[in-house]
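These are notes on the model you sent, set out as numbered points. They go from the overall fold to the core and then to single residues.

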Amino acid sequence: YMGKGVVERMLPCHVKLVKTAPQYNPVVFAQLRSKDPTAPTVVVYGHYDVVDVEHRRELWSTDPFEMVGRDGYYYGRGTTDNKGPIMAVVHALYEMLEERKHERHGDSLPINVLMAFEGAEETNSGGFEEACREVKHWFQKVDTQNATVLIINTYWLGERVPCLVYGLRGLLELEAHVQGGTRELHSG
């Protein structure tokens with residue numbers, strides 16, 4: 001599954017695949033801990049699944065699930081949404097670790113990193129909540145006053161111009177339980 005093998009090979013972190021049901025791809029969780037107990041935490045979210053192409057497969061000149069290099073470009077399903085951004089984060093963390101080793105700061109980052117790469121984002125994130133519950137102890141250690149969430153499900157504005165997203169519209173789901181008095185009450 002996207003990320004697990006690459007993350008394990010490139011980063012000194014704990015990786016866990018969580019599969020909640022046969023119809024859902026697993027969620028890849030990775031935890032990279034700083035040696036500094038007061039270090040802030042960055043939670044990185046992305047997804048590795050893609051929109052189904054079965055009904056549009058004839059539009060592809062090659063197998064859409066095999067990456068192909070052509071005329072200096074790579075073509076394949078999910079290269080920008082969202083496998084490329086996942087790989088950019090993994091490589092950036094690797095380079096940061098290498099630079100710290102070179103500068104004799106050791107083999108630890110000055111931050112904690114928790115990564116969650118889901119495999120069903122394009123189909124309503126089935127199983128994601130259950131998977132998060134399975135590793136909730138990782139998140140319970142996060143000081144929420146000293147944490148950042150990095151959502152890497154974005155795009156580039158051009159070949160050399162990434163899009164920096166600093167706010168998202170979203171959905172908010174609430175469940176409210178309201179209980180009133182046992183008799184009519186005056187509002188004043």
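1. From the N terminus on, the order of elements is α-β-β-β-β-β-α-β-α-α-β-β-β. That amounts to four helices and nine strands in the chain. Please keep in mind that this is a predicted model.

2. On overall dimensions, the chain has a radius of gyration of 21 Å, whereas a compact globule of 188 residues would have one near 16 Å. The C-alpha trace spans about 75 × 55 × 35 Å along its principal axes. Of the 188 residues, 32% count as buried. Among contacts with a separation of 6 or more, 67% are between residues 24 or more positions apart.

3. On the surface and charge, the accessible surface comes to about 13400 Å², and carbon and sulfur atoms hold 52% of that. There are 20 positive and 26 negative side chains, with the centres of the two sets 5 Å apart.

4. The largest nonpolar core comprises 22 residues, and Val7, Leu11, Val44, Val113, Met115 and Phe117 have the most contacts inside it. Two or more residues each come from helix H1 (4–10), strand E2 (27–32), strand E3 (41–47), helix H2 (79–102) and strand E6 (112–118). The element that gives the most is H2, with five residues. Apart from this core lies another of twelve residues, including Phe29, Val43, Tyr45 and Ala131.

5. H2 deserves a separate look. Which of its residues are buried? They are Asn82, Pro85, Ile86, Val89, Val90, Leu93 and Leu97. These buried residues pack against H1, E2, E3 and E6. After H2 comes Arg104, which has a positive phi, near 65°.

6. Leu11 has several contacts with residues far along the sequence from its own neighbours. Beyond four places in sequence, Leu11 is in contact with Val90, Leu93, Tyr94, Leu97 and Met115. Of these partners, Val90, Leu93 and Leu97 are among the buried residues of H2.

7. Val113 lies in strand E6. Is Val113 buried or exposed? Its relative accessible area is 2%, so Val113 counts as buried, the cut-off being under 20%. Residues up to four places away aside, Val113 touches Ala30, Gln31, Leu32, Val42, Val44 and Leu93. Val44 is, like Val113, one of the residues with the most contacts inside the largest core. By way of scale, the C-alpha atoms of Val113 and Ala21 are separated by 27 Å, with these positions 92 residues apart along the chain.

8. Gln31, one of the residues that Val113 touches, belongs to strand E2. Gln31 is buried because its relative accessible area, 11%, falls under the 20% limit. Its contacts, leaving aside neighbours within four places in sequence, are with Cys13, His14, Val113, Leu114 and Trp138.

9. Pro12 sits in the loop between H1 and strand E1 (14–18). With a relative accessible area of 55%, Pro12 is over the 50% cut-off and therefore exposed. Pro12 nevertheless touches Leu32 and Leu97, not counting residues up to four places away in sequence. Leu97 is also a contact of Leu11, and Leu32 is also touched by Val113. The C-alpha atoms of Pro12 and Ala30, 18 residues apart along the chain, are separated by 9.9 Å.

Conventions:
Residues numbered from 1 in each chain as written. Predicted model: local features only at pLDDT ≥ 70, side-chain atom pairs only at ≥ 80, totals over all residues. Heavy atoms only, no water. Core = buried A, V, L, I, M, F, W, Y, C linked by side-chain atoms within 4.5 Å. Buried < 20%, exposed > 50% of the residue type's maximum accessible area, 1.4 Å probe, protein only. Contact = heavy atoms within 4.5 Å. Rg over C-alpha atoms; globule rule 2.2 N^0.38 Å. Areas by Shrake-Rupley, 256 points an atom, 1.4 Å probe, with all protein chains shown as cover. Lys, Arg positive; Asp, Glu negative; His and termini not counted. Charge placed at Lys NZ, Arg CZ, Asp CG, Glu CD.
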